[in-house]
Amino acid sequence: MTAYVAEPVVVLPANRVETAGIVADVRAHHPDHPRLPVALRVIRGAGVETRYFTRPFAEAVADRGVTRRVADAFGDALAMAAEAARGALRSTGTAAHEVDAVITSHTTSWAVPQLDVHLVDALGLRPDVARIPMATLACAGGAQALVRAAEHLRANPGATVLVVVAEVLSTIYHRREGTIESMIYKALFGDSAGACVVTGEPVGPGFAIESTVEFVLPDSLERYRGRLDESGLHFDSTKEALTAARDVLPHLLATLGDWRPSFAVLHPGGPRVITETAAGLGLRPEDARHSTASLAENGNLGGNAVLDVLRRTHADPPAHRSEGLVLGFGPGFVVAGARGRWV
(Lines give C-alpha, C1' and ligand atoms only; values in the text may rest on other atoms or scores of the structure.)
Protein backbone atom coordinates (compact mmCIF):
# COMPACT_ATOMS: atom_id res chain seq x y z
CA MET A 1 0.00 0.00 0.00
CA THR A 2 1.24 3.50 -0.85
CA ALA A 3 1.57 6.04 1.97
CA TYR A 4 1.25 9.69 0.92
CA VAL A 5 3.25 12.25 2.88
CA ALA A 6 1.76 15.75 2.87
CA GLU A 7 3.96 18.84 2.95
CA PRO A 8 5.65 19.10 6.37
CA VAL A 9 5.30 22.15 8.57
CA VAL A 10 8.54 23.18 10.29
CA VAL A 11 8.74 25.48 13.32
CA LEU A 12 11.95 27.34 14.16
CA PRO A 13 12.40 29.20 17.46
CA ALA A 14 13.00 32.92 17.63
CA ASN A 15 16.65 33.17 18.69
CA ARG A 16 18.90 33.33 15.63
CA VAL A 17 22.54 32.41 16.27
CA GLU A 18 25.22 33.28 13.72
CA THR A 19 28.33 31.16 13.31
CA ALA A 20 30.39 34.28 14.02
CA GLY A 21 28.79 34.40 17.47
CA ILE A 22 29.80 30.82 18.20
CA VAL A 23 33.35 31.55 17.04
CA ALA A 24 33.46 34.52 19.41
CA ASP A 25 32.10 32.43 22.29
CA VAL A 26 34.71 29.71 21.78
CA ARG A 27 37.49 32.30 21.55
CA ALA A 28 36.32 33.91 24.78
CA HIS A 29 36.02 30.70 26.79
CA HIS A 30 38.91 28.68 25.34
CA PRO A 31 41.62 31.31 24.78
CA ASP A 32 44.41 28.89 25.73
CA HIS A 33 43.07 25.86 23.88
CA PRO A 34 46.10 24.09 22.37
CA ARG A 35 44.22 23.49 19.12
CA LEU A 36 42.18 26.67 18.95
CA PRO A 37 42.91 27.36 15.24
CA VAL A 38 41.75 23.83 14.40
CA ALA A 39 38.61 24.24 16.51
CA LEU A 40 37.71 27.51 14.82
CA ARG A 41 38.37 25.99 11.40
CA VAL A 42 36.00 23.07 12.01
CA ILE A 43 33.33 25.44 13.34
CA ARG A 44 33.54 27.55 10.20
CA GLY A 45 33.65 24.44 8.03
CA ALA A 46 30.51 22.81 9.46
CA GLY A 47 28.42 24.13 6.57
CA VAL A 48 26.15 26.16 8.87
CA GLU A 49 25.72 29.91 8.60
CA THR A 50 22.81 30.35 11.03
CA ARG A 51 20.81 28.23 13.43
CA TYR A 52 17.97 28.94 15.87
CA PHE A 53 17.83 28.25 19.61
CA THR A 54 14.75 28.13 21.82
CA ARG A 55 16.53 30.27 24.44
CA PRO A 56 18.63 33.40 24.05
CA PHE A 57 22.22 32.35 23.39
CA ALA A 58 23.60 33.32 26.80
CA GLU A 59 20.89 31.34 28.57
CA ALA A 60 21.06 28.36 26.21
CA VAL A 61 24.78 27.80 26.73
CA ALA A 62 24.89 28.64 30.46
CA ASP A 63 25.74 25.86 32.92
CA ARG A 64 22.24 25.22 34.29
CA GLY A 65 22.74 21.62 35.43
CA VAL A 66 21.00 18.51 34.18
CA THR A 67 17.67 19.03 35.97
CA ARG A 68 17.08 22.51 34.59
CA ARG A 69 18.40 21.67 31.13
CA VAL A 70 16.15 18.61 30.78
CA ALA A 71 13.05 20.43 32.02
CA ASP A 72 13.67 23.42 29.75
CA ALA A 73 14.38 21.23 26.74
CA PHE A 74 11.19 19.21 27.06
CA GLY A 75 9.02 22.26 27.65
CA ASP A 76 10.48 23.96 24.59
CA ALA A 77 10.22 20.80 22.48
CA LEU A 78 6.57 20.32 23.42
CA ALA A 79 5.66 23.92 22.57
CA MET A 80 7.30 23.69 19.13
CA ALA A 81 5.85 20.22 18.49
CA ALA A 82 2.31 21.35 19.24
CA GLU A 83 2.69 24.38 16.96
CA ALA A 84 4.07 22.28 14.10
CA ALA A 85 1.37 19.64 14.53
CA ARG A 86 -1.44 22.21 14.49
CA GLY A 87 0.05 23.67 11.34
CA ALA A 88 0.23 20.26 9.64
CA LEU A 89 -3.39 19.48 10.53
CA ARG A 90 -4.56 22.90 9.39
CA SER A 91 -2.68 22.76 6.09
CA THR A 92 -4.28 19.43 5.15
CA GLY A 93 -7.74 20.26 6.46
CA THR A 94 -7.50 17.47 9.02
CA ALA A 95 -9.45 17.78 12.25
CA ALA A 96 -7.79 16.54 15.44
CA HIS A 97 -10.46 13.87 15.94
CA GLU A 98 -9.68 12.47 12.47
CA VAL A 99 -6.15 11.47 13.48
CA ASP A 100 -6.00 7.70 14.01
CA ALA A 101 -2.32 7.45 14.99
CA VAL A 102 0.36 9.82 16.21
CA ILE A 103 4.05 8.98 15.82
CA THR A 104 6.55 11.08 17.76
CA SER A 105 10.32 11.33 18.00
CA HIS A 106 12.37 13.40 20.43
CA THR A 107 15.81 12.75 21.87
CA THR A 108 17.10 15.86 23.60
CA SER A 109 14.70 15.80 26.54
CA TRP A 110 13.73 13.12 29.05
CA ALA A 111 10.04 12.89 29.91
CA VAL A 112 7.53 10.47 31.38
CA PRO A 113 4.90 10.56 29.98
CA GLN A 114 6.45 11.14 26.59
CA LEU A 115 5.72 13.66 23.86
CA ASP A 116 2.93 11.54 22.34
CA VAL A 117 0.82 11.59 25.50
CA HIS A 118 1.29 15.32 25.97
CA LEU A 119 0.18 15.95 22.38
CA VAL A 120 -3.07 14.05 22.90
CA ASP A 121 -4.14 16.74 25.35
CA ALA A 122 -2.42 19.67 23.62
CA LEU A 123 -3.99 18.93 20.22
CA GLY A 124 -7.31 17.47 21.37
CA LEU A 125 -6.66 14.08 19.78
CA ARG A 126 -9.05 11.21 20.47
CA PRO A 127 -8.31 9.32 23.70
CA ASP A 128 -8.19 6.08 21.68
CA VAL A 129 -5.65 7.41 19.15
CA ALA A 130 -2.90 4.89 18.43
CA ARG A 131 0.45 6.12 19.73
CA ILE A 132 3.91 5.16 18.50
CA PRO A 133 6.39 7.09 20.66
CA MET A 134 10.07 6.95 19.73
CA ALA A 135 12.90 8.46 21.76
CA THR A 136 16.70 8.58 21.48
CA LEU A 137 16.62 8.04 17.72
CA ALA A 138 18.24 11.44 17.25
CA CYS A 139 18.97 12.29 13.60
CA ALA A 140 17.18 9.21 12.28
CA GLY A 141 13.91 10.22 13.96
CA GLY A 142 12.08 11.87 11.07
CA ALA A 143 12.87 9.20 8.50
CA GLN A 144 12.17 6.44 11.02
CA ALA A 145 8.81 8.02 11.83
CA LEU A 146 7.88 7.97 8.13
CA VAL A 147 8.85 4.29 7.98
CA ARG A 148 6.57 3.54 10.95
CA ALA A 149 3.77 5.63 9.40
CA ALA A 150 3.93 3.60 6.18
CA GLU A 151 3.88 0.37 8.19
CA HIS A 152 0.87 1.55 10.20
CA LEU A 153 -1.04 2.36 7.02
CA ARG A 154 -0.28 -1.05 5.55
CA ALA A 155 -1.78 -2.63 8.65
CA ASN A 156 -4.62 -0.09 8.93
CA PRO A 157 -5.83 0.97 5.47
CA GLY A 158 -7.67 4.28 5.49
CA ALA A 159 -5.97 5.56 8.65
CA THR A 160 -4.73 9.12 9.09
CA VAL A 161 -1.30 9.33 10.72
CA LEU A 162 0.28 12.41 12.27
CA VAL A 163 4.10 12.47 12.47
CA VAL A 164 5.69 14.93 14.91
CA VAL A 165 9.41 15.40 15.59
CA ALA A 166 10.95 17.93 17.99
CA GLU A 167 14.56 18.48 19.05
CA VAL A 168 16.21 21.05 21.30
CA LEU A 169 19.77 20.37 20.23
CA SER A 170 21.08 23.58 21.78
CA THR A 171 20.94 21.68 25.07
CA ILE A 172 24.12 19.77 24.10
CA TYR A 173 26.12 23.03 23.80
CA HIS A 174 28.47 22.99 26.83
CA ARG A 175 30.94 25.83 27.03
CA ARG A 176 33.43 23.83 29.10
CA GLU A 177 33.80 21.05 26.56
CA GLY A 178 36.93 21.48 24.50
CA THR A 179 37.24 18.38 22.31
CA ILE A 180 37.33 18.97 18.59
CA GLU A 181 34.18 16.83 18.26
CA SER A 182 32.33 19.05 20.75
CA MET A 183 33.42 22.13 18.78
CA ILE A 184 31.84 20.64 15.65
CA TYR A 185 28.57 20.03 17.46
CA LYS A 186 28.54 23.53 18.97
CA ALA A 187 28.40 24.81 15.38
CA LEU A 188 26.33 22.10 13.75
CA PHE A 189 23.01 21.82 15.55
CA GLY A 190 19.84 23.91 15.73
CA ASP A 191 16.47 23.60 17.47
CA SER A 192 13.16 22.96 15.70
CA ALA A 193 10.05 20.85 15.36
CA GLY A 194 8.30 19.46 12.31
CA ALA A 195 5.07 17.63 11.57
CA CYS A 196 3.28 16.09 8.62
CA VAL A 197 0.16 14.09 7.85
CA VAL A 198 0.52 10.67 6.19
CA THR A 199 -2.51 9.04 4.56
CA GLY A 200 -3.49 6.25 2.18
CA GLU A 201 -4.84 8.76 -0.35
CA PRO A 202 -3.07 11.98 -1.39
CA VAL A 203 -4.33 15.24 0.09
CA GLY A 204 -2.07 17.28 -2.18
CA PRO A 205 1.29 17.02 -3.91
CA GLY A 206 4.04 15.21 -2.09
CA PHE A 207 6.13 12.09 -1.60
CA ALA A 208 4.42 8.71 -2.00
CA ILE A 209 6.15 5.95 -0.02
CA GLU A 210 6.13 2.61 -1.82
CA SER A 211 8.70 0.69 0.27
CA THR A 212 11.01 1.26 3.22
CA VAL A 213 14.54 0.35 4.26
CA GLU A 214 16.22 0.02 7.65
CA PHE A 215 19.80 -0.96 8.40
CA VAL A 216 22.21 -0.96 11.35
CA LEU A 217 25.89 -0.70 10.45
CA PRO A 218 27.61 -3.57 12.28
CA ASP A 219 29.95 -2.66 15.15
CA SER A 220 28.97 1.02 15.01
CA LEU A 221 27.74 1.56 18.57
CA GLU A 222 30.51 3.99 19.46
CA ARG A 223 30.53 6.07 16.26
CA TYR A 224 27.81 8.47 17.47
CA ARG A 225 26.34 8.29 20.95
CA GLY A 226 24.70 10.31 23.70
CA ARG A 227 26.01 10.70 27.21
CA LEU A 228 24.31 12.14 30.29
CA ASP A 229 26.06 13.61 33.32
CA GLU A 230 25.36 16.21 36.00
CA SER A 231 25.67 19.06 33.49
CA GLY A 232 23.20 17.61 30.98
CA LEU A 233 23.13 15.71 27.70
CA HIS A 234 26.27 15.42 25.60
CA PHE A 235 26.80 14.12 22.07
CA ASP A 236 30.01 12.22 21.40
CA SER A 237 31.58 10.59 18.37
CA THR A 238 34.72 8.79 17.30
CA LYS A 239 37.01 9.38 14.32
CA GLU A 240 35.28 6.47 12.61
CA ALA A 241 32.13 8.59 12.53
CA LEU A 242 33.66 10.63 9.73
CA THR A 243 33.35 7.69 7.34
CA ALA A 244 30.03 6.31 8.60
CA ALA A 245 27.92 7.49 5.67
CA ARG A 246 30.47 6.14 3.19
CA ASP A 247 30.78 2.85 5.08
CA VAL A 248 27.03 2.20 5.09
CA LEU A 249 26.54 3.00 1.39
CA PRO A 250 27.51 -0.46 0.06
CA HIS A 251 24.89 -2.04 2.34
CA LEU A 252 22.27 0.48 1.27
CA LEU A 253 23.05 0.03 -2.42
CA ALA A 254 22.84 -3.75 -2.03
CA THR A 255 19.35 -3.31 -0.60
CA LEU A 256 18.33 -1.03 -3.47
CA GLY A 257 19.71 -3.41 -6.12
CA ASP A 258 19.89 -1.86 -9.58
CA TRP A 259 17.37 0.86 -8.68
CA ARG A 260 18.64 4.42 -8.25
CA PRO A 261 16.66 7.57 -7.39
CA SER A 262 16.31 10.57 -9.66
CA PHE A 263 15.97 12.77 -6.57
CA ALA A 264 16.65 12.33 -2.86
CA VAL A 265 15.70 13.89 0.45
CA LEU A 266 18.99 13.44 2.32
CA HIS A 267 19.66 14.00 5.98
CA PRO A 268 21.89 17.11 6.22
CA GLY A 269 24.23 15.68 8.82
CA GLY A 270 27.11 17.77 7.54
CA PRO A 271 28.71 18.71 4.21
CA ARG A 272 30.57 15.41 3.93
CA VAL A 273 27.49 13.33 4.72
CA ILE A 274 25.51 15.13 2.02
CA THR A 275 28.14 14.98 -0.72
CA GLU A 276 29.22 11.38 -0.14
CA THR A 277 25.68 10.09 0.05
CA ALA A 278 24.57 11.96 -3.06
CA ALA A 279 27.57 10.73 -5.00
CA GLY A 280 27.05 7.16 -3.82
CA LEU A 281 23.47 7.25 -5.07
CA GLY A 282 24.61 8.53 -8.46
CA LEU A 283 23.20 12.02 -7.92
CA ARG A 284 24.76 15.34 -8.86
CA PRO A 285 25.75 17.88 -6.17
CA GLU A 286 22.87 20.13 -7.25
CA ASP A 287 20.44 17.27 -6.57
CA ALA A 288 21.30 17.68 -2.89
CA ARG A 289 20.72 21.45 -2.90
CA HIS A 290 17.77 21.31 -0.49
CA SER A 291 19.85 19.41 2.06
CA THR A 292 22.74 21.83 1.67
CA ALA A 293 20.41 24.83 2.04
CA SER A 294 18.73 23.37 5.12
CA LEU A 295 22.11 22.81 6.77
CA ALA A 296 23.36 26.31 5.94
CA GLU A 297 20.23 28.18 7.03
CA ASN A 298 19.02 26.12 10.00
CA GLY A 299 21.88 23.82 11.00
CA ASN A 300 21.45 20.10 11.47
CA LEU A 301 17.94 19.81 12.95
CA GLY A 302 18.40 16.23 14.13
CA GLY A 303 15.34 14.06 13.58
CA ASN A 304 13.45 16.95 12.03
CA ALA A 305 16.11 17.65 9.41
CA VAL A 306 14.64 15.27 6.84
CA LEU A 307 11.21 16.89 7.24
CA ASP A 308 12.77 20.30 6.62
CA VAL A 309 14.47 19.04 3.45
CA LEU A 310 11.18 17.49 2.34
CA ARG A 311 9.44 20.82 2.97
CA ARG A 312 11.99 22.54 0.74
CA THR A 313 11.44 19.92 -1.94
CA HIS A 314 7.78 21.00 -2.10
CA ALA A 315 8.88 24.52 -3.00
CA ASP A 316 11.08 23.23 -5.84
CA PRO A 317 9.61 19.83 -6.68
CA PRO A 318 10.81 17.09 -9.01
CA ALA A 319 8.72 16.02 -11.99
CA HIS A 320 5.50 14.09 -11.45
CA ARG A 321 6.14 10.36 -10.91
CA SER A 322 9.88 10.90 -10.44
CA GLU A 323 11.40 8.14 -8.33
CA GLY A 324 13.01 9.30 -5.12
CA LEU A 325 14.50 8.29 -1.80
CA VAL A 326 14.07 9.80 1.67
CA LEU A 327 17.10 8.92 3.78
CA GLY A 328 17.93 9.54 7.43
CA PHE A 329 21.02 8.56 9.45
CA GLY A 330 21.37 8.23 13.21
CA PRO A 331 23.52 6.88 16.10
CA GLY A 332 25.46 4.46 16.49
CA PHE A 333 25.09 4.37 12.78
CA VAL A 334 21.69 3.46 11.40
CA VAL A 335 19.80 4.06 8.19
CA ALA A 336 16.07 4.67 7.92
CA GLY A 337 14.67 5.34 4.48
CA ALA A 338 11.65 5.37 2.22
CA ARG A 339 11.61 4.71 -1.51
CA GLY A 340 8.80 6.14 -3.61
CA ARG A 341 7.62 8.71 -6.14
CA TRP A 342 6.72 12.38 -6.27
CA VAL A 343 3.05 12.87 -7.06
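Start by selecting Tyr185: this residue is buried, with a relative accessible area of 10%. Keep in mind that you're looking at a predicted model.

Next, add Phe189 to the selection. Like Tyr185, Phe189 is buried. How do the rings of Tyr185 and Phe189 sit relative to each other? Their centres are 5.6 Å apart and the planes meet at 20°, so this pair counts as stacked.

Now bring in Phe235, a second partner for Tyr185. Here the arrangement is edge-to-face, with 5.0 Å from centre to centre and 70° between the planes. Colour by secondary structure and you'll see that this pair links distant parts of the chain: Tyr185 belongs to helix H7 (residues 180–188) and Phe235 to strand S11 (residues 232–237), 50 residues apart. Is Phe235 buried or exposed? With a relative accessible area of 17%, Phe235 is buried, because the cut-off for that is under 20%.

Select Tyr224, Phe329 and Phe333 as well. Together with Tyr185, Phe189 and Phe235, they make up a cluster linked by ring pairs. Searching the whole structure turns up ten aromatic pairs.

Time to zoom out. Show the chain as a cartoon and you can pick out eleven helices and 14 strands. The C-alpha trace spans about 60 × 45 × 35 Å along its principal axes. For 343 residues, a compact globule would have a radius of gyration near 20 Å, and the chain's 19 Å agrees with that.

Finally, switch on the surface. Its accessible area is about 13600 Å², with 54% belonging to carbon and sulfur atoms. Underneath, buried residues account for 58% of the 343.

Conventions. Residues are numbered from 1 along each chain as its sequence is written. This is a predicted model: local features need pLDDT of at least 70, side-chain atom pairs count only at pLDDT 80 or more; totals for chains, interfaces and linings use all residues. Side-chain values use heavy atoms; hydrogens and water are left out. Helices (H or I, at least four residues) and strands (E, at least two) are DSSP runs, numbered from the N terminus. The radius of gyration is taken over C-alpha atoms; the globule rule is 2.2 Å times the number of residues to the power 0.38. Buried means under 20% relative accessible area, exposed over 50%, partly exposed in between (1.4 Å probe, protein chains only). Accessible areas come from the Shrake-Rupley method with a 1.4 Å probe; for residues, only the protein chains shown count as cover. Rings of Phe, Tyr and Trp (its six-membered ring) pair if their centres lie within 6.5 Å; planes under 30 degrees apart count as stacked, over 60 as edge-to-face and the rest as tilted.
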